[in-house]
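User: I am new to this structure and would like a close look at a single part of it. Please take the annotated active site as the starting point, then work outward to the side-chain pairings and the cysteines.

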Amino acid sequence: MTESTRKINLLGYSPKKLEEFFVSIGEKPFRSTQVLKWIHQFGASSFDEMTNISKSLRQKLSEVSEIREPDILVQNISKDGTRKWVIQLDGGSAVEMVLIPENTRATLCISSQIGCSLDCSFCSTGKQGFNRNLSAAEIIGQVRVAIRSFGPFDPSGVRRVTNVVFMGMGEPLMNFDNVVDGIHLMMDDNAYGLSKRRVTLSTAGVVPQIDKLSQVTDVSLAISLHAPTDELRDQLVPVNKRYPIAELVDACNRYMDNLKDKRVITVEYTLIAGVNDHPSQAKQLVKLLKRLPCKLNLIPFNPFPNSDYRRPSEDAIQAFKTVLVKAGVITTVRRTRGDDVDAACGQLVGQVMDRTRRSAKYIPLKDASGVQQEPPR
């Protein structure tokens with residue numbers, strides 16, 4: 001084990017954990033606020049930059065800890081301005097993250113797992129299998145990479161990244177503690193200072209963890225629904241077999257009841273041609289969503305290799321939306337961004353050292369002569 005890997009990476013330490021760290025090394029708790037600002041507001045990468053901290057403390061910190069971001073393997077910029085990074089992680093795997101700039105906003109879509117512990121049929125990430133959860137430092141490292149892409153950090157409070165969504169690789173609620181630590185840093189005024197309305201966690205519906213989440217944060221919530229009935233959702237989102245739609249809706253309502261302000265859930269619905277895009281299914285969806293204060297985000301399916309699913313026609317998308325709008329459901333169609341660099345929703349894959357062997361079911365193999373073979377069924 002190298003000296004670097006033995007050191008504590010403070011990049012992912014939540015305000016509470018950072019305070020506990022300073023107490024553990026015999027220092028005053030208020031030092032944590034100073035260091036928090038240096039790391040997350042000034043973008044410091046070494047303790048030597050922290051000029052309002054004594055030289056002896058800086059030396060002490062450098063002996064036991066570090067500030068280490070993930071390495072960037074690849075950066076691609078789409079013709080529409082979308083930026084996608086592939087970042088290298090300890091152990092050899094890599095994950096992808098996407099930044100979508102738009103006027104005065106910039107939305108960062110970050111990953112929470114290497115691969116995904118779930119296996120939704122329409123998502124490219126799930127076909128890569130699963131390796132491990134990201135650490136809090138690896139989660140916040142994605143925010144730092146995105147901010148730094150605009151130039152040096154600006155401690156004046158100008159936010160280059162205005163929104164963060166946990167909609168990249170992985171199921172955030174299956175990496176609960178690290179994701180919550182990351183959220184606390186994003187929303188802390190001494191770190192990134194993002195509004196609770198501008199940090200969104202998207203889940204496929206891990207019901208017990210939604211209830212647990214409501215006890216520790218008031219982050220905005222999105223659910224990946226994708227079907228109006230349990231029969232269809234069982235096929236598209238297998239976790240539904242354990243936590244069916246009625247239980248998910250009840251959990252979402254409990255979460256909203258615990259919030260001190262008035263907000264709505266974002267419901268994500270990927271439209272797949274001939275699968276879940278018929279107007280009759282839109283009517284079923286209207287009936288279902290009457291039980292949940294929400295806004296609906298329709299996401300036309302983005303194709304990826306080894307998938308038989310297709311994107312619906314524009315006419316089909318509009319027909320589906322019309323049913324919802326006429327019924328009073330607030331509905332938007334997500335504009336596809338970054339698909340020319342495989343940065344669109346559902347296309348993120350990274351480089352997963354799969355521990356589950358799930359990827360072997362989906363990714364074509366090659367025989368000794370290099371001829372592509374069909375994956376086993």
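**The annotated site and its surroundings**

Analyst: Glu96 is found in strand S5, which covers residues 94-102. The model is predicted, and the label on this residue comes from a record: an unreviewed UniProt entry lists Glu96 and Cys345 under "active site". Such an annotation may be inferred rather than shown by experiment.

In the model, Glu96 has a relative accessible area of 5%, so the residue counts as buried, the limit being under 20%. Its side chain has a partner: a polar contact of 3.4 Å joins Glu96 to the side chain of Lys84.

Next come the charged pairs. The count of salt bridges comes to 14. One of them pairs Glu69 with Arg144, with 2.7 Å between the closest N and O atoms. Glu69 sits in the loop between strand S2 (65-66) and strand S3 (71-77), while Arg144 belongs to helix H5 (residues 136-148), so this pair ties together parts that are 75 residues apart in sequence. Glu69 and Arg144 are both buried.

Glu69 also meets the side chain of Arg148 in a salt bridge, at 2.6 Å from N to O. Arg148 lies in helix H5 and Glu69 in the loop between S2 and S3, so here the parts tied together are 79 residues apart in sequence. Arg148 is partly exposed, because its relative accessibility is 33%. Glu69 therefore has salt bridges to two arginines of helix H5, Arg144 and Arg148.

A further salt bridge joins the side chains of Glu138 and Arg132, at 2.9 Å from N to O. Glu138 has 9% relative accessibility and so counts as buried. Arg132, at 23%, counts as partly exposed. Elsewhere, Glu66, Arg68 and Asp90 are joined into one network by salt bridges that share partners.

An uncharged polar side chain can be followed in the same way. Asn276 lies in the loop between strand S12 (265-271) and helix H10 (279-289). Its relative accessibility is 0%, so Asn276 counts as buried. The side chain of Asn276 reaches the backbone oxygen of Thr270 at 2.6 Å. A polar atom of the Asn276 side chain also lies 2.8 Å from the backbone oxygen of His226. Leaving aside neighbours within four places in sequence, the residues in contact with Asn276 include His226 and Thr270 again, and among the others are Leu232, Leu236, Tyr269 and Phe320. Leu271 and Gln281 are also in contact with Asn276.

That leaves the cysteines. A disulfide is a covalent bond between the sulfur atoms of two cysteines. The structure holds zero disulfides. Cys294 shows why no bond is assigned to this residue: the closest cysteine sulfur, in Cys252, is 9.2 Å from the sulfur of Cys294, which is too far for a bond, since a disulfide needs the two sulfur atoms within 2.5 Å. Cys294 is buried, with a relative accessible area of 13%. Cys116 counts as buried too, at 11% relative accessibility.

To return to the starting point, Glu96 is a buried residue of strand S5, and its side chain is in polar contact with that of Lys84. The other listed "active site" position in the unreviewed entry is Cys345.

Conventions
Residues numbered from 1 in each chain as written. Predicted model: local features only at pLDDT ≥ 70, side-chain atom pairs only at ≥ 80, totals over all residues. Heavy atoms only, no water. Buried < 20%, exposed > 50% of the residue type's maximum accessible area, 1.4 Å probe, protein only. Helix = DSSP H or I, 4+ residues; strand = E, 2+ residues; numbered from the N terminus. Polar contact = N/O pair within 3.5 Å; in protein donor to acceptor, adjacent residues only side chain to side chain. Salt bridge = Lys/Arg side-chain N within 4 Å of Asp/Glu carboxyl O. Contact = heavy atoms within 4.5 Å.
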